[in-house]
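Biologist: Before we discuss this chain, I would like to hear the reasoning behind each label you attach to it. Could you show me the model and then defend the terms in turn?

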Amino acid sequence: MKQITTISCKLKVSPEMAKEIDATMESFANACQYIHDNSDKKLTNRVAMQSLMYDAVREKFQLSAQTTIHAIRRVCANRKTSKTNKIKNESSLTFTPTSVDYDSRTFSLDTKIWIVSLKLLTKRTRFELLIGNYQRGILKGSKPKSAVLNKRKNSTYYINIHVDNIAPEPENTYKVIGIDLGRTDIASTSEGESWSGKNVTSKRNHYSQMRAVLQKKASKGTRSSRRRCRQLQQRLSGKERRFQKHINHEITTYLVKKAATNKFSIAIEDLTNIRQRTNKQRRSKKERRLSNNWAFYQFRMFLAYKCVLNGVKLILVNPAYTSLTCHKCLHIHPTKGKSYRHGKDYHCQHCGWKGDADYNGAKNIAALGLNVNQPGGSWLSCKVSNLDFIPRQLTIWDVLEGY
Ligand SMILES: [Zn+2]
């Protein structure tokens with residue numbers, strides 16, 4: 001399976017070079033904006049766009065031929081994304097000067113001395129890469145064909161290099177680990193393992209209290225103290241996010257490693273397009289929480305990505321009834337609106353099974369996953385995993401950051 005990973009590399013940039021990069025980004029963004037503002041908003045075909053806009057853009061902005069083409073592609077791609085994401089006001093698309101696209105004609109990488117050369121506005125410039133062994137290991141011997149130059153909020157510059165690598169083909173197995181995501185427990189598996197969310201919840205509550213206090217303070221006091229409070233607030237939200245990210249990394253790494261060594265597949269609930277799918281029927285409280293919560297979303301992204309990299313098959317199963325059904329006898333409470341589940345406990349009135357509700361859910365997910373994996377039979381409605389829901393922005397660097 002071919003998998004494109006993005007390796008984020010910090011660049012060593014002198015103040016003069018920074019000016020040159022900023023000017024290039026400015027031109028690129030202006031060119032994109034010009035293309036967008038001066039063409040039919042419905043046009044997303046880049047060949048058509050190129051024949052319409054190329055000459056004008058080249059004349060107006062001092063971009064190289066190749067970069068001009070990238071600006072055209074960028075506009076087409078952004079329009080397509082806003083279309084799929086159903087953003088109504090297409091004309092409001094704005095381009096900020098924070099990135100430029102590169103290909104093998106406008107950038108090159110020398111892995112002997114760890115230098116990239118980039119075509120900037122006036123000339124080609126070489127930059128030293130400030131990277132560690134992890135990045136070197138992946139870049140060594142690779143022949144990257146594309147990259148994106150990025151400016152981060154703290155005015156540091158990164159080149160995100162796209163590397164094709166061959167991930168092992170996932171093996172078909174008859175063993176499946178089901179994973180149920182929840183709040184009291186972040187994750188429970190059909191193997192009986194679980195990770196308590198208590199730690200995370202209490203930390204989050206602590207942060208949200210602090211944020212409330214700061215919010216109050218930020219509305220009063222002198223100008224400088226208000227600014228200080230705002231800075232603190234921003235730092236806090238970052239801390240909270242990093243903490244959750246760390247937890248998500250730990251659990252998903254553990255699970256995927258375990259699955260890879262023991263030749264298991266992993267099954268989780270399919271929450272893609274849950275908004276559209278369950279429009280007619282009311283979504284359960286759990287479905288609402290899981291599909292709206294970025295932490296769970298991140299967990300699923302990490303899991304998906306690591307599965308691909310480690311050749312573990314990820315199966316997405318239909319989430320309907322996974323928490324209501326008894327995994328022993330497959331019965332559901334006969335009365336509409338009632339359930340054998342009460343918070344953390346599950347007590348089946350049909351066969352008498354008693355136990356942890358999340359474990360029960362994970363068992364059902366594993367059973368559904370196993371069913372998908374077996375050729376022929378699919379008596380339970382489900383859908384084999386497709387990894388389309390992984391957003392392109394998520395990079396290997398996100399996955400491995402902090403390790
Ligand atoms: Zn039962």
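What follows is a conversation about the terms used for this structure and the values behind them.

Modeller: Please keep in mind that this is a predicted model. The secondary structure of the chain comes to 11 helices and 15 strands, and buried residues make up 31% of its 403 residues.

Biologist: Why is lysine 151 called partly exposed?

Modeller: A residue counts as buried with 20 or more other C-beta atoms within 10 Å, and as exposed with 12 or fewer. Lysine 151 has 19 C-beta neighbours inside 10 Å, so it falls between these limits and is partly exposed. The residue is found in strand β6 (residues 146-151), and, leaving aside residues up to four places away in sequence, it touches Met25, Thr98 and Tyr157. Its C-alpha atom is separated by 8.5 Å from that of aspartate 22, although the two residues are 129 residues apart along the chain.

Biologist: What makes the length of helix α1 agree with its number of residues?

Modeller: Helix α1 (residues 15-37) has 23 residues, which at 1.5 Å a residue should span 33 Å, and its end C-alpha atoms are 32 Å apart, so the two values agree. The buried residues of α1 include Ile21, Met25, Phe28, Cys32 and Ile35.

Biologist: Why is strand β9 described as largely enclosed by the rest of the structure?

Modeller: In β9 (residues 185-189), 5 of the 5 residues are buried, and therefore the strand is described as largely enclosed. On one hand β9 pairs with strand β8 (residues 176-181) in the antiparallel sense over 3 bridges, with alanine 187 as the bridge partner of leucine 181. On the other, β9 pairs with strand β10 (residues 194-196), again antiparallel and over 3 bridges, where alanine 187 stands opposite tryptophan 195 and aspartate 185 opposite serine 196. β9 and β10 form a hairpin with 4 residues between them, and glycine 192 in the turn has a positive phi of about 90 degrees.

Biologist: How do you know that β10 and β12 stand at the edges of their sheet?

Modeller: The sheet is open, its 5 strands follow the order β10-β9-β8-β11-β12, and the pairing is mixed. β10 and β12 (314-317) each have a single partner strand, so one side of each is left without a neighbour in the sheet. Neighbouring strands of this sheet are turned by 20 degrees against each other on average, direction ignored.

Biologist: Which helices lie across or pack on this sheet?

Modeller: Helix α6 lies across β8, β9, β10 and β11 (265-269), running at about 5 degrees to β9. Helix α9 packs on the sheet as well, touching β8, β11 and β12, and its direction makes about 155 degrees with that of β11.

Biologist: What describes the crossing of α6 and α9?

Modeller: The axes of α6 (residues 223-262) and α9 (residues 294-310) come within 9 Å and cross at roughly 35 degrees, and the crossing is right-handed. The residues of this contact divide into 8 nonpolar, 7 polar and 2 charged; among them are Leu255 and Val256 in α6, and Phe299 and Phe302 in α9.

Biologist: What makes β13 and β15 edge strands?

Modeller: In the open antiparallel sheet of 3 strands, the order is β13-β14-β15, and β13 (341-342) and β15 (354-356) each pair on one side only. Strand β14 (residues 345-347) pairs with β15 over 3 bridges, one of which joins histidine 347 to lysine 354.

Terms used: Residues numbered from 1 in each chain as written. Predicted model: local features only at pLDDT ≥ 70, side-chain atom pairs only at ≥ 80, totals over all residues. Helix = DSSP H or I, 4+ residues; strand = E, 2+ residues; numbered from the N terminus. Pairing = 2+ DSSP bridges. Contact = placed C-beta atoms within 7 Å. Expected span 1.5 Å × (residues − 1). Axes fitted to C-alpha atoms, helices over the stretch in contact; angles between N-to-C directions. Left-handed = near helix turned anticlockwise from the far one by under 90°. Nonpolar A, V, L, I, M, F, W, Y, C, P; charged D, E, K, R; others polar.
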